[in-house]
Amino acid sequence: MINEVVKVHDKFSVEIKMGYESSKDRKVNEFSIKTWLFVPSSLDINPSTYKKEDFYNDFNSNIRLITPPYLLREIALGDQSVFKYLEDSFQKVANYPTPKNEANYEYHIRMFHTILRSALRREIQHILRNEQAEDRQYLIKDYLNNVRKIGERYRELRRIVNVPTVRKEMFDYFLFGDEFMSNQFDEHSYYLHRGLRKVNDPEIDKRKQEILNMVRDEVAYKKSKNYLVVEEKPTDKNRWFVHRRGAFKKYFEGQLLLSSRKKKEGVFMIQILYSIAAGLAMIIGAALTFVFQQSLGTFTIPLFVALVIIYMLKDRIKDLSRHYLVGKINKRFFDHKTIIRVKGDEKIGWCKESFDFVREDTVPLRVMKHRNRSRIVDVESRGVGEKIIFYRKLLRLDQKALDNSYGNYNITGVVDIIRFNVSRFIQKMDNPEIPLYYLKDDQFEKTAGEKVYFMNMVIRFKMDDQTSYRRYRIIFNRRGIKKVEKV
């Protein structure tokens, strides 16, 4: 199964998150993604102005494992939950502080907080999607109880590692997790409270007050432990708070980040084609030399001129042959092949990707139907058309290696997080505001209209015999991305 989420990441970047969930009954899972970007010609994006290197600089990809799925109540109350793994690793590092036990202790802390963050996010989304008042009240109450229980259970583990055998560096990992967890409770409770602000229900109002009380308790706890909290006015403390929050997020979520080694694909075959091109040119050159020697004789001025011309032709034939053969082979090969590894050395799969500009008549009819170009676009692009960027990716996962990658935790697949920066696409744009005039009381009044551009993206997903299509529209101008919408 392939799941996608496309959204605005920042002012000039679109985030495309692809989740590849593997099938347990297959030894090898293969996923194919093809993407067509329809770029307005007025942006002057073409093979001359936008090279492969530019695209791969703008199209950054990080692959990590899908966070193991746990319910919030399962974390809080389950006897065999992640707390079991956590407590066992704490006991081992306290009793036998070997490098192996220390690494295992840090590993389980990072996994715990990554799993908790994902569970909090899913729980909040589920509560806000639920429209039954009675269910929503119960879910909010359950959320608050589980959050408090998780906080208490994690902080009780402090007694285990607050001993002389545990080095300060190791104890700091526990404190980092405690601070990160408290910030996550605050952040997700804020999202929940904000999502409920339009609900007019006396019972929900009580629950909203309980959410605020829980956040106040967490803020008081953080102050008692000298953790940073958000100040009312912008201060240096707020700057440090943002920095620490970002550092913690990268540290804990980095546990699931996969290492990779990228290499150019088809290098050996390209060298063979270069040799074939050189050999072909040599054959033609030698044949022409033999012919002219037979007809012009040896050591004559005409033969000398003919040999110079033959050398020039041989050189051009070699370059033209190389260009033709490499162009043909590039359609079969990808630009890069990335080996995906877990824990630095164990290979669990590979990923191939390629980029190119393509003509409209080479785009599949099904894709053009999803593009569903309007008449106004046809009129606008008459004679020049849209420029079409074609990006394809092929991902293969070894199911056995994936199952063995993280032991007790159930890993269901990988996530590919792509951030596409559009800064190069805005350089030829017009001013973002256009003066407009309207009639009011027999007078012309001036106002402004926003100038925007539309870049359409059609994605084809394929796994086994299942194929599906999605279309997204990126609306942006010189000031940045305004919106990404699913069409």
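Let's start with one residue, E152. At 46% relative accessibility, E152 counts as partly exposed. Partly exposed lies between the two cut-offs, under 20% for buried and over 50% for exposed, so 46% fits there. E152 has its place in helix α5. Now look for A76. E152 and A76 are 76 residues apart along the chain. Their C-alpha atoms are separated by 9.5 Å.

A word of caution before we go on. This is a predicted model.

Stay on the helix that holds E152, which is α5. Helix α5 covers residues 133–156. Q137 is found in α5 too. Is Q137 buried or exposed? Q137 counts as buried, because its relative accessibility is 17% and the cut-off for buried is under 20%. What does Q137 touch, beyond residues up to four places away in sequence? The list is D201, E203, I204 and R207. K206 is worth a look as well. The C-alpha atoms of Q137 and K206 are separated by 9.4 Å. Along the chain, those two residues are 69 apart.

Next, the partner helix. Two packed helices are described by the angle between their axes and the distance between the axes. Here are both for α4 and α5. The axes come within 10 Å. They cross at roughly 165 degrees. Why do we call α4 and α5 roughly antiparallel? Because angles over 145 degrees count as roughly antiparallel, α4 and α5 get that label. The crossing of α4 past α5 is left-handed. Which residues make the contact? From α4, they include I109, F112, H113, L116 and L120. From α5, they include R136, L139, I140, Y143 and I150.

Let's pick two histidines in α4. H113 lies in this helix, and H108 has its place there too. With 1% relative accessibility, H113 counts as buried. Set aside its neighbours within four places in sequence, and H113 is in contact with Y154, G177, D178, F180, M181 and F252. Find Y154 in that list, because α5 contributes Y154 to the contact between α4 and α5.

H108 is buried as well, with a relative accessible area of 8%. Its contacts, again leaving aside neighbours within four places, are Y85, L86, S89 and Y409. Take Y85. It is 23 residues from H108 along the chain. The C-alpha atoms of H108 and Y85 are separated by 6.9 Å.

Now the core. In soluble globular proteins, nonpolar side chains tend to be buried together. The largest nonpolar core here has 101 residues. Which members touch the most other members? They are I75, Y143, I150, I389, F425 and F476. Helix α4, residues 99–129, gives the most to this core, with 11 residues.

Zoom in on I389. Not counting residues up to four places away in sequence, I389 touches W36, F55, F355, D356 and F425, among others. There is also a second, separate core. This one has nine residues, including W36, V363, F390 and V458.

Last, step back to the whole chain. How many helices and strands are there? The protein chain has 14 helices and 14 strands. Of its 487 residues, 45% count as buried. Take the contacts between residues at least 6 apart in sequence: 72% join residues at least 24 apart. The accessible surface comes to about 27800 Å². Carbon and sulfur atoms account for 52% of that surface.

Definitions and conventions: Residues numbered from 1 in each chain as written. Predicted model: local features only at pLDDT ≥ 70, side-chain atom pairs only at ≥ 80, totals over all residues. Heavy atoms only, no water. Core = buried A, V, L, I, M, F, W, Y, C linked by side-chain atoms within 4.5 Å. Buried < 20%, exposed > 50% of the residue type's maximum accessible area, 1.4 Å probe, protein only. Helix = DSSP H or I, 4+ residues; strand = E, 2+ residues; numbered from the N terminus. Contact = heavy atoms within 4.5 Å. Areas by Shrake-Rupley, 256 points an atom, 1.4 Å probe, with all protein chains shown as cover. Axes fitted to C-alpha atoms, helices over the stretch in contact; angles between N-to-C directions. Parallel < 35°, antiparallel > 145°, perpendicular 65-115°, else oblique. Left-handed = near helix turned anticlockwise from the far one by under 90°.
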